[in-house]
Amino acid sequence: MEIPRVGVPDALASHLTMAEQHEYLSRRSMLKGTGALLAAGPPLLQGTAYADGDKVVPAGRHLAFGRNPRTSMRVAWQVPAPVRKPFLRIADGHGGWSHRIPAEVRALHSEVAGVIAPYDQYYLHAEADHLWPGHTYRYAVGHDGFDPASGDGGPAAISTFTTAPARGVPAGKFTFTAFGDQGVSTTALAQDGAVAGQNPRFHLLAGDIAYADPSGAGKPPGSKPDADHDLFDPKVWDAYYRQIEGVAASVPWMVTTGNHDMEALYSPDGYGGQLKRWDFPGGGPHDCPSVYSFIYGQRRGDLARRQRRLLRDSRQPRLLARLPDGVAQAAPAVPAIAAGRRLRRGVLPSLRLLDDEPARVRGRRP
């Protein structure tokens, strides 16, 4: 089956590599309206002390599908200090690197007198779009003074991602993984290794992500937990992203939020920190971005029909009631079936699926 070139003239496309075609489409998009301003990268912030770029190495890379998993991928990472003109670059298997795709800087400041010393975290986000379905790309993230395409950071600074298959193209069986209540520990690191060992197309994390707030009560941070305060340590998130990078840098890490992700220090509703840290595909309620849907390996008509049947199924309320915290929000979004298996303590089953199965995920708290 021939995949259309979605906007690149045939005469031109035959002479361009995949990366060059992406650059052509991206530049054409940026030249529309005010988007042309993005070509030079995000604006520098006045009064900000920028670090020397050659002394700052990106860390904590993690992927997420864009609004259309077949043609877009979002990449996020951290830097310990502000950098100039952060960017994402991509390349196909045989071509050269694309131009620098500007990244958005989302700074998060944490401070509570006598409890949390002033602490700043810098989360960077960029999206590659106009991609080819079912295609594997190399990618690298950087900033002025650090460009993996020029050799900075060595081979470890370059990773890969694969877009979802084209609609109507049979994907056969595929594997995804899922769990919730992860945290930061040697056990959690072993879970990441188990995920990587399954070689999944994507991973679902059903809330209660890093446990930077261990109690999950959403109370203001205090020096000790009591009736009016929770413990909260923003640095736990730094450790969490370092922990997952080994797998999340190449496997889309699709998260939803649970009560332990509600951090009273950040508005709105305690989830402002998550909006800084994560990219959500969208498509859900406008005031709840961690509720979303995405399609992987399904024809849209088939998925919609099966979802309607699931909603009519009298067993559905009981099914959702048995899911871990947070999964009920994401469950209708997952076009896959777990073959009746449950996630058991210490066990991460391989969820091998046919691409024409209904949306149903089952599990329980570890």
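Which residue takes a positive phi in the hairpin of β5 and β6? Gly114 does, with a value near 75 degrees. This hairpin has three residues between its strands. The model described here is predicted.

## The hairpin and its neighbour

Strand β5 covers residues 104-112. Its partner β6 covers residues 116-128. The two run antiparallel and are joined by eight bridges. Within this pairing, Ser110 of β5 stands opposite Tyr119 of β6.

Strand β6 also pairs with β2, residues 73-79. That pairing is antiparallel too, and seven bridges hold the two strands together. Here Met73 stands opposite Ala128. Tyr119 of β6 has a further partner: Lys235 lies over the face of its ring, 5.1 Å from the ring centre.

## The four-stranded sheet

Another group of strands forms an open sheet. Its order is β4-β3-β7-β8, and the pairing is antiparallel. Strands β4 (101-102) and β8 stand at the edges with a single partner each, so one side of each has no neighbour in the sheet.

Take the pairs in order. β3 and β4 are linked by two bridges, and Leu88 stands opposite Ile101 in β4. Five bridges join β3 (residues 87-91) to β7. Five bridges also link β7 to β8, residues 158-162.

Strand β7 spans residues 136-142. Is it mostly covered or mostly open? It is mostly covered, with five of its seven residues buried. Arg138 makes a good landmark on this strand. Its bridge partner in β3 is Ala91, and its bridge partner in β8 is Thr160. The charged end of Arg138 sits over the ring of Trp97, 4.9 Å from the ring centre.

## Aromatic pairs

The model contains 21 aromatic pairs. One is Phe202 with Phe294: the ring centres are 5.3 Å apart and the planes stand at 90 degrees, so the pair is edge-to-face. Phe202 lies in the loop between α3 (186-198) and β10 (203-206), and Phe294 in the loop between α5 (272-277) and α6 (300-312), so the pair ties together parts that are 92 residues apart in sequence. Both residues are buried.

A second example is Phe280 with Tyr292. Their ring centres lie 6.1 Å apart with planes at 40 degrees, so this pair is tilted. Both residues sit in the loop between α5 and α6, so the pair ties together parts twelve residues apart in sequence. Phe280 is buried, with a relative accessible area of 12%. Tyr292 is buried as well, at 8%.

Which residues form a cluster with these four? Phe65, Phe174, Phe176 and Tyr296 do. Together with Phe202, Phe280, Tyr292 and Phe294, they make one aromatic cluster.

## The nonpolar core

The largest nonpolar core has 57 residues. Those with the most contacts inside it are Leu88, Tyr139, Trp237, Tyr240, Trp253 and Trp278. Leu88 has already appeared, opposite Ile101 in β4.

What does Trp253 touch, leaving aside its neighbours within four places in sequence? Its contacts include Leu63, Phe179, Val195, Leu205, Ile244, Val247 and Ala248. Gln182, Asp192 and His203 are also among them. So are Tyr240 and Trp278, two residues that are themselves listed with the most contacts inside the core.

Definitions and conventions: Residues numbered from 1 in each chain as written. Predicted model: local features only at pLDDT ≥ 70, side-chain atom pairs only at ≥ 80, totals over all residues. Heavy atoms only, no water. Pairing = 2+ DSSP bridges. Buried < 20%, exposed > 50% of the residue type's maximum accessible area, 1.4 Å probe, protein only. Phe/Tyr/Trp six-rings, centres within 6.5 Å; stacked < 30°, edge-to-face > 60°. Lys NZ or Arg CZ within 6 Å of the ring centre and 35° of its normal. Core = buried A, V, L, I, M, F, W, Y, C linked by side-chain atoms within 4.5 Å. Contact = heavy atoms within 4.5 Å.
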